[in-house]
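Hi,

Here is the structure I promised to pass on to you. Have a look at it first, and then read my notes below.

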Amino acid sequence: MAKKQKETKYRTVRGGILYGILTAVLVAVSVVLACTVFFRVEEVTVEGCERYSAEQVLAVAAVEKGANLILTPSDQIEHRISKNLPYVDTVQAQKRFPTTLKLVITESQPVAVMAAGEEQWIIDAKGKVLEKADEGLALQYIQVKGLELTSPQQGEPAQTGPEGEKRLESLLGLLQALQGQELIGEITEIDASLSTEISMVYQGRIKATMLTSADFNRRIQIFEAVVALAGEYDRGTVNLKTEKVFFTLDN
């Protein structure tokens, strides 16, 4: 009697295991079929892009209509767009189930011009090379003096020779601080020719000098406070290299 009970229990357990395995397999197959049949790319939208048309972005993204949305490689799409459209700063390929892929783009903002031999190139605050500039276009942005690009490539990070790497790092730190304080449009020139200090010209009338190792965010905040106290037409030099700030007016 005990033997029969044991055999019955064994059959029940084994049947339960087999049923569980079969159920899991069926669920997995159903999920795969659902993903394959139902989640197809029917619409691709573009947001946040003004410099490029939606058609330009979609052409570079190369998303195949009807492709499986789940298996569509977002990282590859983002890489293609960033690589081929220089003014794209960031891009997110967001999947909106069941049938939409949304491309959210943040554009690079041109802020400065750097020389490369006889050429002029526009860069953003992160140092991305955006495009070659003619004389008219170059005058719209901050003129960088004392530091040149080496073999600039559109869409690639700015590079200089080994002797200029630290100065380039300081330049970009200053540009990002100016952009963060929304002061970038007021600066006409930056001189990055020295390894120990960097200077900028505000509205063509006030020069500010600071150390290349400075906390640029803090220095720019101090500079704004000085400018707020200065006269609207005052011309002079602000020494931001020490904690004690000096503003020397031109005669």
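**What I found**

Let's start with one pair: alanine 208 has valine 238, in strand E11, as its bridge partner. (Helices and strands here are DSSP runs, H or I of at least four residues for helices and E of at least two for strands, numbered from the N terminus.) Before going further, two notes on the source: this is a predicted model, where local features need pLDDT of at least 70 and side-chain atom pairs count only at pLDDT 80 or more, while totals for chains, interfaces and linings use all residues. Residues are numbered from 1 along each chain as its sequence is written, and side-chain values use heavy atoms, with hydrogens and water left out.

Back to the strands. E10 and E11 (residues 236-239) run parallel and are joined by four bridges; two strands count as paired if DSSP finds at least two bridges between them. On the way from E10 to E11 comes helix H6 (residues 216-229), and the three make a left-handed β-α-β unit. A crossover is called right-handed if, with the strands pointing away from the viewer, the path from the first strand over the helix to the second runs clockwise.

E10 (residues 206-211) also pairs with E9 (residues 197-202), this time antiparallel, through six bridges. In that pair, isoleucine 198 sits opposite methionine 210. Three residues lie between the two strands of this hairpin, and glutamine 203 in the turn has a positive phi of about 50°.

Now zoom out. In what order do the nine strands of the open sheet come? The order is E6-E5-E4-E7-E8-E9-E10-E11-E12, with mixed pairing. E6 (129-133) and E12 (246-249) are at the edges with a single partner strand each, so one side of each has no neighbour in the sheet. On average, neighbouring strands are turned by 20° against each other, direction ignored. Further along the sheet, E4 (residues 110-116) and E5 (residues 119-124) run antiparallel with six bridges, and methionine 114 stands opposite tryptophan 121 in E5.

Helix H5 lies across E4, E5, E7 (142-148), E8 (187-191), E9 and E10, running at about 165° to E7. (Contact means heavy atoms within 4.5 Å; axes are lines fitted to C-alpha atoms, for helices over the stretch in contact, and angles run from 0 to 180 degrees between N-to-C directions.) H6 packs on the sheet too, touching E9, E10, E11 and E12, and its direction makes about 150° with that of E10. The buried residues of H5 include Leu168, Leu171 and Leu175, where buried means under 20% relative accessible area, exposed over 50% and partly exposed in between (1.4 Å probe, protein chains only).

Helix H3 (residues 74-84) is a nice one to rotate on screen: Ser74, Ile77 and Ile81 are buried. Seen down the axis, the buried residues of H3 fall within an arc of 70°, so they line one face; the arc is that of the directions from the helix axis to the C-beta atoms. They pack against H2 (54-61), E2 (88-96) and E3 (100-107). Asp75, His79 and Lys83 are exposed, on the face turned away from the buried side.

Last one: is threonine 100, in strand E3, buried or exposed? Threonine 100 is buried, with a relative accessible area of 17%. Its contacts, not counting residues up to four places away in sequence, include Glu43, Leu69 and Thr45. Threonine 45 is 55 residues away from threonine 100 in sequence, yet 7.6 Å away in space, C-alpha to C-alpha.

Cheers
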